[in-house]
Amino acid sequence: MSNTQKSIYTLPFLLVCTSSFLFSASFNMLIPDLPAYLTGLGGAEYKGLIIGLFALTAGFSRPFSGKLTDKIGRVPVMAVGSLVCFVCGFLYPILTSVAGFLFLRLIHGFSTGFKPTATAAYVADIVPSGKWGEAMGVHGLFFSTGMAIGPAIGSAITQWYSINVLFYCSSVFALASMLIIFNMKETLKDKQTFKPVLLKIEKHEWINKQALPAFWVTIFSYVSYGAIITVIPDWTAHIGIANKGVFFMVFTISSLLIRFIAGKTSDRYGRKPILKVSITLLCIALIWIGAFQTINGFLIGAVLYGFATGMLSPAISAWTIDLSDADKRGLSVATMYIALEAGIGLGAFFSGWFVSDKIGKTPFVFYGVAFVNLMGLIYLFFHQNPTNKKPLIQKG
């Protein structure tokens, strides 16, 4: 059976997808209610740090998770990510000062610094290279479903019960994700036993230069997501919608089917054409959200944003792996995720700082991040990379 005819739907693939769904739901269910929670603690001026601190440690931990993924294995690194989510959920109700909350956001970020890095490498290991785009798309379906269900369920739990119950539910989802991981078979053939010396990162181990094209496109593209998750909860209430998770549910659901289609299309026609279309649509969606300040306009913007991110995510993930040698997949994925976290962190910090408690300034955030996305599109049009011409060929 040829490289492109083998099915991706194996038990290991379905296990890693299910684990990612639970992991995604675990930390995303907190997002809609954290700005109001921080305000209640007396830290309204620090709203931009809710995501900014999370992204900071996620980005900082990527070189470590990338190296460990390539050295000690994919499974233990994934387990560490879920474990951090599990522990943090129980600590939020205990550390109830502004400083304690911000400290936990800093620690919580290590979860996404570890698990997605190892997960992407694991998927690349178990799926034929000719179907990486499709696999990333399907995996994205599961992860995005967690993103969609998490905020909506989380907001409902807070409304019906309390935010402390929400924190505990987040831990339960993380625990379930971790239990699945413990039943997954390791795919790294020449794995090493963990030693503290592996935590020493040499200069050449911070990033993989092979993945730099994906790095730049990612950082430009994900500034908008950092802004979205920072300002959308308050903007949702301003528009007149009670459930602050509605935007996240709508945009994520709209991305589900398109992820599958876009992933397969990128396998056939290349990553860069899909990336160009997705970033163009991303710019349109952001301008739309800022311009049409009605419930219907808001929801249409959420759908457009979902289509754009649903096309972008599997294409950029597959492109990152295309650019990498097989023995540096973990580091390459980490490089891409460093850019993702940097983009999210910058978008969150500056949007939170710019808006503060002046809700009327929010549309200008959308216009600003649309311009940043445009720079990513310009980069794609001018960048030339011969490896992208043959996306189905695995190097190494």
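**View 1. The largest pocket in this predicted model has a volume of about 330 Å³.** Count 14 residues in its lining; His-204, Glu-205, Ile-207, Lys-328 and Leu-331 are the ones closest to the centre. Which helix gives the largest share of the lining? That's helix 3 (residues 47-71), which chips in five residues. As for character, eight of the lining residues are charged, with three polar and three nonpolar ones making up the rest.

**View 2. Next up is the second largest pocket, at about 290 Å³.** Here the lining runs to 11 residues, and Arg-74, Leu-188, Lys-189, Ala-326 and Asp-327 sit nearest the centre. How does this lining divide into nonpolar, polar and charged residues? Seven are charged, two are polar and two are nonpolar.

**View 3. Now for Gly-376, a residue of helix 13 (residues 362-382).** Is Gly-376 buried or exposed? Its relative accessibility is 0%, so Gly-376 counts as buried, the cut-off for that being under 20%. Skip the neighbours within four places in sequence, and Gly-376 is in contact with Phe-220 and Ile-279.

**View 4. This one takes in both Gly-376 and Glu-205, with 25 Å between their C-alpha atoms.** Along the chain, the two are 171 residues apart. Glu-205 is the residue from View 1, one of those closest to the centre of the largest pocket, while Gly-376 is the buried glycine of View 3.

Methods. Residues are numbered from 1 along each chain as its sequence is written. This is a predicted model: local features need pLDDT of at least 70, side-chain atom pairs count only at pLDDT 80 or more; totals for chains, interfaces and linings use all residues. Side-chain values use heavy atoms; hydrogens and water are left out. Helices (H or I, at least four residues) and strands (E, at least two) are DSSP runs, numbered from the N terminus. Buried means under 20% relative accessible area, exposed over 50%, partly exposed in between (1.4 Å probe, protein chains only). Contact means heavy atoms within 4.5 Å. On a 1 Å grid over the protein atoms alone, a cavity is a set of points where a 1.4 Å probe fits but cannot get out, and a pocket is an open set with protein on both sides within 12 Å along at least five of seven lines; lining residues have an atom within 4 Å of a point. Grid points are joined across faces, edges and corners, and a volume is the space filled by probe spheres set on the points. Ala, Val, Leu, Ile, Met, Phe, Trp, Tyr, Cys and Pro count as nonpolar, Asp, Glu, Lys and Arg as charged, and the others, Gly among them, as polar.
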